[in-house]
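Student: I'm new to this one. Could you take me through its salt bridges up close?

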Amino acid sequence: MAAEKREKSEESIKIPKSVPVLPLRDMVVYPFIISPLSIARDSSILAVDAALSENRMVLLLAQKDKDVDQVGEEDLYRVGTVAVIMRMLKLPDNRIRVLVQGVCRAVVEDLTTTRPYLIARISRLPETSAASDSPERQGLVRGVRKALERYSSLGKTIPSEVMVIASNLENPGRLADLTASNLDLKTEEAQQVLEIPEPMARLRRVSELLKREIDLVTMQQEIDTLARDEIDKSQREYYLRQQMKAIQHELGEGNELADEIEQLRRRGSEANMPVHAKDELEKQLKRLERMHPDSAETATLRNYLDILVGLPWSKETKDNLDLRKARAILDEDHYGLEKIKERLLEYLAVRKLKPKMKGPILCFVGPPGVGKTSLGRSIARALGRSFVRVSLGGVRDEAEIRGHRRTYVGAMPGRIIQGIQQGGTSNPVFMLDEVDKLGMDYRGDPSSALLEVLDPEQNNSFRDHYLGIPFDLSGVLFVATANLLDPIHPAFRDRMEVIQLSGYTEEEKIQIAYRHIIAKQIEENGLTPRRINFTPAAVRALIARYTREAGLRNLERNIASVCRKVAREVAEGKKGLSKITAGKLEALLGPPPPTAEESLVMDQIGVATGLAWTATGGDVLFVEATTMPGKGNLILTGHLGEVMKESAQAALSFARSHSGDYGIPDDYFSRTDVHVHLPEGAIPKDGPSAGITMACAMVSAFTGRPVRREIAMTGEITLRGNVLPVGGLKEKILAAHRAKVRMVLLPEANRMSLGDLPSAARRDLRFLFVNHISEVLSAALAERGVLGERPAGRTPQIPGEGGAPSRLPADIPAPVGSS
């Protein structure tokens with residue numbers, strides 16, 4: 001009843017038809033709510049003065065846009081609150097403050113006056129009343145009260161008297177207005193609440209807004225808690241860092257990170273980096289400045305920046321373009337190798353005429369120990385450049401070439417960038433050693449990654465994954481080495497200029513031993529030329545009997561072994577010069593190792609000397625053939641490959657088809673088995689170049705005519721007896737020269753391949769070029785029964801077979817210097 005009486009008394013308040021309008025910026029005043037207002041606009045001050053002179057009532061209307069100063073009817077909402085001015089206070093700056101209390105809601109019918117202030121004709125907006133005993137009303141009122149209490153407990157400042165009033169209010173409309181006036185609502189939402197005349201609907205809307213505000217405040221508190229924890233941690237770290245700074249200052253130490261950043265920036269400017277590298281450096285330095293000095297990412301970034309500024313972006317050496325001086329340096333370091341020296345001098349000549357040229361990519365291919373790697377050092381010395389060597393043997397991961405991305409733990413640049421950094425210049429001689437031994441697995445193909453490095457059209461912008469920016473490799477002189485060409489990726493091989501190093505003759509080894517190896521080993525073993533001396537005969541015996549090889553490694557090992565033994569004698573007190581003669585070698589090095597790389601001791605039936613190519617150079621190959629009673633079977637032994645087996649079958653087929661030409665009976669093959677064997681059966685053998693050797697050995701066994709021991713041969717045979725060309729000719733001829741043969745039978749098609757043979761091989765060997773197997777048999781087979789004594793001091797390799805050295809054809813001269 002009391003509530004109904006109050007509502008009736010409120011409705012009985014007389015509201016004038018026209019009242020001054022007071023526009024409000026960014027706020028809404030509800031009925032029965034007391035609010036202070038600060039007024040600065042002249043029109044609003046006049047409106048307040050007019051209201052005070054009459055009935056003290058004004059209409060409070062919210063502005064749609066708070067930034068509008070001269071408001072009109074379209075700038076104001078249509079629903080507002082009629083309020084009574086309770087107090088007014090004039091301020092020194094011509095503003096006034098008023099205290100107003102809302103009376104009721106009102107709707108603007110129209111604005112009757114706009115100057116000097118707004119006057120509106122209004123009508124009261126009546127409120128409907130809800131049943132006081134309605135469960136919905138009671139439940140909604142209680143829910144809003146509890147929510148308001150929780151909202152206040154979350155830290156929102158709500159006056160205690162407001163909470164007391166709210167706890168005693170039963171009127172849903174009044175409770176909705178009181179709650180809405182204490183919420184942080186936008187003007188549109190507050191106006192929406194004001195425009196709802198029905199109390200229950202208004203309270204529901206306010207309840208929704210209150211719940212939303214509680215959720216927002218709760219979330220904000222959680223965020224504030226986390227932020228406070230971070231701030232507390234940061235403040236603690238800041239405090240500790242300040243203490244550390246004070247301690248460092250007392251110890252005379254400075255800010256290490258700031259000093260390091262400044263040093264990196266200075267090194268970057270001194271490195272004369274390109275624009276894209278400078279931009280990346282500055283970007284990463286700014287990141288480093290914002291990082292904590294002790295974080296793991298800071299250490300990673302420091303390493304990256306140290307590598308970035310440490311690269312020789314613009315530092316390069318000036319090439320030595322004096323061709324005579326370069327030639328002198330190459331001759332000083334290496335004996336022979338004329339083809340490679342000529343190629344390097346051609347490069348220097350072009351570089352002298354055209355300074356800006358793309359560097360060639362050379363690939364030295366040859367057996368081990370022929371000086372491929374040391375030749376790269378000599379090239380660098382002749383050019384006056386720094387030398388970098390990277391061994392690629394066994395590399396299987398593409399990241400070894402292009403580097404790891406910095407997202408990985410322990411990331412580092414690839415070997416190319418590491419080598420450039422190690423060399424200290426942007427144009428070193430860069431040796432890629434053992435490129436034929438590159439691997440490939442699930443981590444990528446390093447050969448494919450090297451395509452970009454070795455392509456002159458692309459390597460001016462080589463991008464390492466670790467650096468993340470391009471680096472110019474166009475000034476680098478790349479030199480690759482390999483033992484074999486076949487394992488190298490075809491596209492990779494296509495980008496390189498291949499230069500073959502076949503090996504050394506005995507004379508070349510003697511010169512190299514005296515010019516380089518002996519002096520080097522004397523120095524390395526602590527001796528002097530006054531303590532040890534090698535006679536020419538000793539060096540020649542050392543090469544001929546102890547080190548049958550294409551390269552020089554075993555020769556150097558044996559010379560080192562001799563020097564060590566002399567060094568021991570000197571250390572034990574021996575005085576004077578130790579003269580190393582051929583007779584002393586066996587006492588110093590032991591007996592010479594057995595080797596099959598010698599010519600045969602005597603002419604033998606069914607044994608022919610062939611020539612083979614291997615990865616370590618050339619080699620002689622003995623083919624043995626014998627016959628036995630049987631049914632015409634061909635037996636092949638000696639670990640032969642499929643191609644070599646087919647060559648043997650082709651040789652046998654030719655012999656059978658031409659049996660009449662060599663006096664072989666027609667039924668001979670139907671009652672005879674043929675066994676062909678190649679000694680050293682543990683070593684795999686394959687290839688077509690032993691075809692004529694097998695044919696010669698078989699025909700010798702069939703006819704009983706011995707094969708001349710001084711003749712070696714190589715060539716592929718066809719069923720018609722034609723002799724086809726073969727490869728690896730230089731290596732094979734050098735092997736024949738080492739084996740002391742006197743004549744080599746070669747395919748006619750290989751005549752033009754002898755252009756780069758050493759002079760010693762040309763002098764000591766006679767070459768006979770053949771087109772057909774009949775020419776081979778005519779030159780290689782001696783007449784039946786033409787046998788004599790074997791040379792003194794030589795023992796036949798096959799005991800039990802009699803015979804003597806063959807008489808050479810008249811067109812085979814004796815080697816120069818032989819007895």
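Tutor: Sure, and one term comes in handy before we look: a residue is called buried under 20% relative accessible area, exposed over 50%, and partly exposed in between. Keep in mind, too, that this is a predicted model.

Let's start with the overall tally, which comes to 36 salt bridges. One of them pairs the side chains of Arg 327 and Glu 342, with N to O at 3.3 Å. Arg 327 sits in helix α11 (residues 323-333) while Glu 342 belongs to helix α12 (residues 338-353), so this pair ties together parts that are 15 residues apart in sequence. How open is Glu 342 itself? Its relative accessible area is 37%, so Glu 342 falls in the partly exposed class.

Now hop along to Arg 568 and Glu 572, another salt bridge, where the closest N and O atoms are 3.0 Å apart. Arg 568 is exposed, with a relative accessible area of 59%, and Glu 572 counts as exposed at 59% relative accessibility.

Further on, the side chains of Glu 748 and Arg 751 meet in a salt bridge at 2.8 Å, N to O. Here Arg 751 counts as partly exposed at 41% relative accessibility, and Glu 748, at 26%, is partly exposed as well.

Salt bridges can also link up through shared partners: that is how Arg 105, Glu 127, Asp 177 and Arg 202 are joined into one network.

Note on methods. Residues numbered from 1 in each chain as written. Predicted model: local features only at pLDDT ≥ 70, side-chain atom pairs only at ≥ 80, totals over all residues. Heavy atoms only, no water. Salt bridge = Lys/Arg side-chain N within 4 Å of Asp/Glu carboxyl O. Helix = DSSP H or I, 4+ residues; strand = E, 2+ residues; numbered from the N terminus. Buried < 20%, exposed > 50% of the residue type's maximum accessible area, 1.4 Å probe, protein only.
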